[in-house]
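Reader: Could you take me through this model, one question at a time, and show the reasoning behind each answer?

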Amino acid sequence: MGVSTEVPQTVDWQGQKVPIYPMETIDFGRLLSQEPAEVERLLRCCQKEGFFYLDLKGIDGRRMLEDQQQTLDLMHRFFEKPLEAKNEFGLVSPHLGYEPVGSRTGGLPNTRDGYEMIKVSRDEIQKGNPHIPEILKTSPDLKILENAIAGSNVITKTILSALSTAMGLTGAARFENMHRNDRLSTSTLAMMHYIPSDPSVDKTVGHQKHTDISSLTLLFAEQWGLQIRPPGTREFGFVEPKQGCAIVNVGDSLRFASGHTMMSCIHRVVPYDFTEHRYSIAYFLRAENESMFTDSEGRFITAGQWHDEKFFLFKAAPEIQATAPPSMLYGGMRVEEEST
């Protein structure tokens, strides 16, 4: 079973009862062993909803949870620095650099986004002198970033391998062969700080609704705020943070590579507690830049082209987004009329 659309639990948010969508929990240790029952459950989650919890509390995953805590400590120190230090190089490329609050469309109508973000790509962190702000170039911080990126890569590649096995893929047809470690990609670690905001009065709120560009997104978020709209539903609902677990979602590239058989669930971020600073860590595993797939418009294009086009749309003004095909922001997922 995956996410149920019959939701008994709700929370009060902005004067409404908003659902909490339950999700399946997949055990990372069992995926490492490619246990058939767990691999089949994983495939069902990806084909029906595109979201699941990943349990990392076993011996094979605990190191990743420790890396997450060290990364959170680094983020607190980084985001407390003056803007000129954080924004030393600005946004170097779509997958590398700093973005201040208000850089994109927000999570609610007529708002800009309510977070600042620093992104460090997998390709960049391997360089002798990575192009990142000087305040992150201490030896301990570089090691924290290396560990977080390497650990996230191992986790997401383990999931890819299990999905290839579940779909009976062999040889060059396996998903891993679109995600080789020695080929250029836009895979990146994104660290986000959401500022306190009240949707009734503030104009910088959350993160716009979208599907992810990536093949897989590995998200660590200890605080409430993530909302999803499972396929077939018309209402956004919250995802409850679960101790010892990451949240994983299928992105557009894996949906396309699977022949559009997997789901890339629509999601957004909104302020749950209007007074709190919210922090989240997302690793976006993306296909090699030159790998090819058929996108939601029926075009046979490279992963790099899809990334660049969709990133431009993320940054565009709402009136420009409104003129683009819905398949760009939502990866070809059907967007029913919203009830909230």
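Author: What follows is a set of questions and answers about a predicted model.

Reader: How is the packing of α3 and α6 classed by the angle between their axes?

Author: Helix α3, residues 62-79, packs with helix α6, residues 139-166, and their axes are 9 Å apart. The angle is about 140°, and angles over 145 degrees would count as roughly antiparallel while 65 to 115 would count as roughly perpendicular. The angle therefore falls into the remaining class, and α3 is oblique to α6.

Reader: Which kinds of residue make up the contact of α3 with α6?

Author: On the α3 side the contact includes Met64, Asp67, Thr71 and Leu74, and on the α6 side it includes Ile144, Ala148, Gly151 and Ile155. The crossing of the two helices is left-handed. The residues of this contact divide into seven nonpolar, four polar and four charged.

Reader: What distance separates the end C-alpha atoms of α3, and what span should its 18 residues have?

Author: The expected span follows from a rise of 1.5 Å a residue, taken over one less than the number of residues. For the 18 residues of α3 that gives 26 Å, which agrees with the distance between its end C-alpha atoms, 26 Å.

Reader: Is Ala257, in helix α7, buried, partly exposed or exposed?

Author: Ala257 lies in helix α7, residues 252-257, and, leaving aside neighbours within four places in sequence, is in contact with Phe175, Met178 and Phe293. Buried would require under 20% relative accessible area and exposed over 50%. Because the relative accessible area of Ala257 is 28%, the residue is partly exposed.

How values were computed: Residues are numbered from 1 along each chain as its sequence is written. This is a predicted model: local features need pLDDT of at least 70, side-chain atom pairs count only at pLDDT 80 or more; totals for chains, interfaces and linings use all residues. Side-chain values use heavy atoms; hydrogens and water are left out. Axes are lines fitted to C-alpha atoms, for helices over the stretch in contact, and angles run from 0 to 180 degrees between N-to-C directions. Helices (H or I, at least four residues) and strands (E, at least two) are DSSP runs, numbered from the N terminus. Angles under 35 degrees count as roughly parallel, over 145 as roughly antiparallel, 65 to 115 as roughly perpendicular and the rest as oblique. A crossing is left-handed if the near helix is turned anticlockwise from the far one by less than a right angle, and right-handed if clockwise. Contact means heavy atoms within 4.5 Å. Ala, Val, Leu, Ile, Met, Phe, Trp, Tyr, Cys and Pro count as nonpolar, Asp, Glu, Lys and Arg as charged, and the others, Gly among them, as polar. Buried means under 20% relative accessible area, exposed over 50%, partly exposed in between (1.4 Å probe, protein chains only).
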